[in-house]
Amino acid sequence: MMSGPTPHYHLQEARPDPEPESSAIENARRATLNILEDFAAEKCELESGQRATLNILEDFDAEKKRMAGAERAVLNILEDFASEKSQLEEFQHSFLNILEDFSQEKNRLEGTQRAVLNILEDFEGEKANVELVNERLENEIRDRKHIEVEMQRTNMELSAANKELEAFSYSVSHDLRTPLRSIDGFSQALLEDCADKLDATAMDYLHRVRSAAQRMATLIDDMLNLSRVTRCELRRESLDLSAIAKSIASELQEAEPERRVEFAIEDGLTAVADPQLIRVAMENLIRNSWKYTSGHPTARIEFGRSDANVKDCFFVGDDGAGFDPRYAARLFGAFQRLHTAKEFPGTGVGLATVHRIIHRHGGEIWAIGAVEKGATFYFTLR
Amino acid sequence: METKTILLVEDNADDEALTFRALMKNNISNQLVVARDGAEALDYLFATGKYSGRDVSLGPQVVLLDLNLPKVSGLEVLRQLRANERTKLLPVVILTSSNEDQDRLQGYDSGANSYVRKPVDFNQFVESVRQLGLYWLILNEQPPARR
């Protein structure tokens with residue numbers, strides 16, 4: 001840093017000696033003088049260098065003082081810094097504490113996050129399930145809507161068909177009976193007014209005409225009753241079936257008091273059903289039993305609840321003429337008969353009517369029987 | 001002497017003949033007036049049309065009314081009858097082939113006094129007519145005439 005003037009030496013070259021002796025001394029003296037001279041110059045130079053150095057040192061001292069000042073200032077700063085540092089350390093410490101707390105918190109959060117992730121994962125699975133179920137439900141709804149539309153259409157068709165049937169039945173009821181009245185009435189007029197002109201055969205024919213007309217009238221009425229069972233609206237009420245059975249039984253006994261028929265009617269049997277239709281059904285069943293036991297001197301007719309494993313299964317049974325089980329399938333068909341009109345009168349509509357009534361109630365009806373061993377009709381109501 | 005007229009509203013000639021016969025058999029000798037459709041029945045009852053000028057004070061005593069009639073239906077005849085001050089108390093027996101619930105209900109609803117279904121068996125019909133005549137022409141007391 002300090003660069004003083006560099007001393008340098010001039011070495012004079014030895015000149016050729018013209019006179020070896022005196023000149024040699026002279027030369028040496030001169031040379032020495034030169035050296036001294038050179039040396040003096042050198043000394044001056046050195047002195048000025050020393051002075052410069054001293055100046056420099058003096059400068060350096062000032063510098064040093066400044067430095068010391070600066071050092072002090074630095075020390076002061078450092079001191080300040082030290083207190084600052086302790087504060088910082090404190091801060092750092094507390095920060096570390098916070099970090100530590102935070103780290104615990106983080107662990108907890110991570111735990112929670114993991115749990116949440118698990119839940120989300122489960123939820124994903126569940127969501128997929130729900131989506132599947134949703135899809136199925138949507139399909140079902142679509143199907144149902146389709147079915148609903150279909151049902152509405154069918155209902156409209158059914159309602160139209162019912163109206164037509166209604167009109168048809170009304171027409172049958174009015175118009176088919178009118179000519180029958182003429183056939184019967186004028187045959188009877190002939191029998192009365194022309195009796196003297198008619199022989200026995202002619203009279204017999206007229207009687208046949210009349211009974212055929214009357215039978216047809218009965219058929220028409222039965223047919224109308226059968227269709228009425230289907231046409232009328234179903235009205236459900238709580239019914240005492242035992243009471244209905246008893247009132248039918250007493251009507252029958254009053255009409256034919258000479259018959260010896262024992263009725264065994266279980267008490268307290270009830271059902272929720274249409275009062276008019278159930279009355280018609282039970283009357284048909286009990287009247288059937290009454291009719292088909294008429295060939296026996298004594299008979300027993302029973303109404304009760306079946307012990308079979310079917311809920312609310314009732315039965316009407318008798319010990320009368322029964323039926324051939326081979327033809328059981330024809331029992332409930334309209335206008336189907338298993339006996340001739342001579343054996344037992346009837347049009348074959350009664351059991352068909354019962355069948356329709358039970359079916360309209362959502363129930364079932366079936367029969368068990370054998371020839372001359374009676375018949376039992378079982379039915380359920382829903 | 002007061003004649004008790006019977007008004008029979010019937011479009012079927014056979015039924016008309018059979019009803020007449022049944023009345024005869026029961027010795028019911030009242031005058032029988034036959035209207036062959038609903039409009040003719042209303043003309044007779046209200047003394048209009050071909051019956052204008054008829055003495056309405058002469059009855060009828062009872063109306064035997066069929067339901068299925070040309071022009072004006074039996075139920076409509078009944079309603080107009082009941083809406084008229086002079087005929088609203090007149091005894092009306094519905095005599096018809098139908099035993100449909102709706103006909104019976106509407107018949108009574110429109111003010112019929114009685115509803116009888118014509119049986120196919122003529123002997124039963126004669127018996128029905130006998131009872132009707134006995135009841136409506138003999139037993140039943142007419143409402144007093146309005147002053």
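**View 1. Salt bridges and polar contacts link chain B to chain A in this predicted model.** Six salt bridges are counted between chain B and chain A. One salt bridge pairs B:Lys25 with A:Glu192, and the closest N and O atoms of these two residues lie 2.8 Å apart. Polar contacts across the interface of chain B and chain A involve 14 residue pairs, with both residues of each pair at pLDDT 80 or more. Three helices of chain B, namely α1 (13-25), α4 (101-109) and α5 (122-139), each provide at least two residues of the side that touches chain A. Helix α1(B) contributes the most to this side, with six residues. By residue class, the side of chain B that touches chain A consists of five nonpolar, eight polar and ten charged residues.

**View 2. Contact and buried area between chain B and chain A.** In this view, 23 residues of chain B are in contact with 25 residues of chain A. About 2100 Å² is buried between the two chains, and carbon and sulfur atoms account for 43% of this area. Three residues, B:Arg21, B:Glu100 and B:Val120, supply 30% of the area that chain B buries against chain A, which is more than any other three residues supply.

**View 3. The five-stranded open sheet of chain B.** The strands of this sheet follow the order β2-β1-β3-β4-β5, and their pairing is parallel. At the edges stand β2 (32-35) and β5 (114-117) of chain B, each of which pairs on one side only. On average, neighbouring strands of this sheet are turned by 20° against each other, direction ignored. Within the sheet, strand β1 (residues 6-9) of chain B runs parallel to strand β3 (residues 62-65) of chain B, and four bridges join the two. One residue to locate here is B:Val9, whose bridge partner in β3(B) is B:Leu65.

**View 4. The five-stranded open sheet of chain A.** In this sheet the strand order is β2-β4-β5-β7-β6, and the pairing is mixed. Strands β2 (260-265) and β6 (365-369) of chain A are at the edges; each has a single partner strand, so one side of each is left without a neighbour in the sheet. Neighbouring strands of this sheet are turned by 10° against each other on average, direction ignored. Strand β6(A) and strand β7 (residues 375-380) of chain A run antiparallel and are joined by five bridges. Opposite A:Ala367 stands A:Phe377, a residue of β7(A).

**View 5. Helix α4 of chain A lies across strands of chain A.** This helix comprises residues 275-292. The strands that helix α4 of chain A lies across are β2, β4 (298-305), β5 (313-318), β6 and β7 of chain A. Relative to β5(A), the helix runs at about 25°.

**View 6. A salt bridge within helix α1 of chain A.** The side chains of A:Glu157 and A:Arg153 meet in a salt bridge, with an N to O distance of 2.9 Å. Both residues belong to helix α1 (residues 22-193) of chain A, where A:Glu157 and A:Arg153 are four residues apart, about one turn of the helix. Over all chains, a search of the whole structure finds 33 salt bridges.

Note on methods: Residues are numbered from 1 along each chain as its sequence is written. Chains are lettered from A and ligands numbered from 1 in the order in which they are written. This is a predicted model: local features need pLDDT of at least 70, side-chain atom pairs count only at pLDDT 80 or more; totals for chains, interfaces and linings use all residues. Side-chain values use heavy atoms; hydrogens and water are left out. Two strands pair if DSSP finds at least two bridges between them. Axes are lines fitted to C-alpha atoms, for helices over the stretch in contact, and angles run from 0 to 180 degrees between N-to-C directions. Contact means heavy atoms within 4.5 Å. Buried area is the accessible area (1.4 Å probe) that two parts lose on being put together, summed over both. A salt bridge is a side-chain nitrogen of Lys or Arg within 4 Å of a carboxyl oxygen of Asp or Glu. A polar contact is a pair of N or O atoms within 3.5 Å; within protein, one must be able to donate a hydrogen and the other to accept it, and residues adjacent in sequence count only if both atoms are side-chain atoms. Ala, Val, Leu, Ile, Met, Phe, Trp, Tyr, Cys and Pro count as nonpolar, Asp, Glu, Lys and Arg as charged, and the others, Gly among them, as polar.
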